[in-house]
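Here is a short briefing to read alongside the sequence and the 3D view. Take a moment to look at the structure, then follow the points below.

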Amino acid sequence: MGLLKLDALAKTALTADPYEYVVVEDFLNEAAKAQILGGFPDMPNAGSFPLSELQIGQGLQALFDALEGPEFRQAVEAKFGLNLEGKPTMFTLRGRCDARDGRIHTDSKKKIITVLLYLNEDWQEEGGRLRLLKSGEDLNAIAAEVSPKFGTLLVFRRSDRSWHGHEQYVG
């Protein structure tokens, strides 16, 4: 049994409004949760870090290997009608948010697809839930709100209107 539930991604409908995205809860094999979380590095500072700057454990590395693999790429390609073969991927890991995080943005124009996979054990807070937005001006123009709980996958096609952000959360 693999780490990723690719069948769940295949079965989940692509939403096209206000831009193309898919949210899959429970995308990760629950049996691997302890291994994945046990490999999470100490990250005392806020922000996203390239994997090359971190020491991650085997379970977490296995997850990144699966996300880098052809099966996941092909599943994303099929969902969005794209050919991503040969396109570079970039992985970062975020451990903490600070007061500056969450502002409305659309991601770098160099991106084709953004993949967010949440690894928080539990999430009860209102802040920090990613909002997919209908407007680049209003954090409350919500098309969908994604809870950052363990195993939730969000994939969206980057565009000039793929606005997203979240209410402030520090921690």
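Let's begin with the aromatic rings: Tyr19, Tyr21 and Phe156 are linked into a cluster by ring pairs. Please keep in mind that this is a predicted model. From the rings we move on to the overall fold, one of the sheets and the nonpolar cores.

**Aromatic pairs**

- In total, the structure holds four aromatic pairs.
- One of them joins Tyr19 and Phe156 edge-to-face, with 5.8 Å centre to centre and 65 degrees between the planes.
- Tyr19 sits in the loop between α1 (6–11) and β1 (21–24), while Phe156 belongs to strand β7 (residues 153–157), so this pair ties together parts that are 137 residues apart in sequence.
- Both Tyr19 and Phe156 are buried.
- Phe64 and Phe91 form another edge-to-face pair, with 5.2 Å centre to centre and 70 degrees between the planes.
- This pair also links distant parts of the chain, 27 residues apart: Phe64 is in helix α3 (residues 58–68), and Phe91 is in the loop between α4 (70–80) and β3 (92–94).
- Are Phe64 and Phe91 buried or partly exposed? Phe64 has a relative accessible area of 7% and counts as buried, whereas Phe91, with a relative accessible area of 22%, is partly exposed. The cut-off that separates them is 20%, because buried means under 20% relative accessible area.

**Overall fold**

- The chain's secondary structure comes to four helices and eight strands.
- If you read along the sequence, you will meet them in the pattern α-β-α-β-α-α-β-β-β-β-β-β.
- The radius of gyration of the chain is 16 Å, which agrees with the value near 16 Å for a compact globule with 171 residues.
- Along its principal axes, the C-alpha trace spans about 40 × 35 × 30 Å.
- Of the 171 residues in the chain, 44% are buried.
- Among contacts with a separation of 6 or more, 76% are between residues 24 or more positions apart.
- The accessible surface of the chain is about 9,700 Å², and carbon and sulfur atoms account for 46% of that surface.

**A three-stranded sheet**

- Three strands make an open sheet in the order β6-β5-β8, with antiparallel pairing.
- Why do β6 and β8 each have one side without a neighbour in the sheet? β6 (142–146) and β8 (164–165) stand at the edges, and each has a single partner strand, so one side of each is left without a neighbour.
- Strand β5 (residues 130–133) runs antiparallel to β8, and two bridges join them.
- Within this pairing, Leu132 has His164 in β8 as its bridge partner.
- As background, strands of a sheet pair through backbone hydrogen bonds, either parallel or antiparallel.

**Nonpolar cores**

- The largest nonpolar core has 30 residues, and those with the most contacts inside it are Leu9, Phe27, Leu28, Ile36, Leu63 and Leu119.
- Elements giving two or more residues to this core are β1, α2 (33–38), α3, α4, β4 (113–117) and β7.
- Which residues does Leu119 contact, leaving aside its neighbours within four places in sequence? Leu119 is in contact with Leu28, Ile36, Leu37, Phe40, Leu60, Leu63 and Phe150.
- Apart from the largest core lies another one, of nine residues, including Tyr21, Leu130, Ala144 and Val146.
- Tyr21 brings us back to the start, since this residue is also linked with Tyr19 and Phe156 in the ring cluster.

Notes:
Residues numbered from 1 in each chain as written. Predicted model: local features only at pLDDT ≥ 70, side-chain atom pairs only at ≥ 80, totals over all residues. Heavy atoms only, no water. Pairing = 2+ DSSP bridges. Phe/Tyr/Trp six-rings, centres within 6.5 Å; stacked < 30°, edge-to-face > 60°. Buried < 20%, exposed > 50% of the residue type's maximum accessible area, 1.4 Å probe, protein only. Rg over C-alpha atoms; globule rule 2.2 N^0.38 Å. Contact = heavy atoms within 4.5 Å. Areas by Shrake-Rupley, 256 points an atom, 1.4 Å probe, with all protein chains shown as cover. Core = buried A, V, L, I, M, F, W, Y, C linked by side-chain atoms within 4.5 Å.
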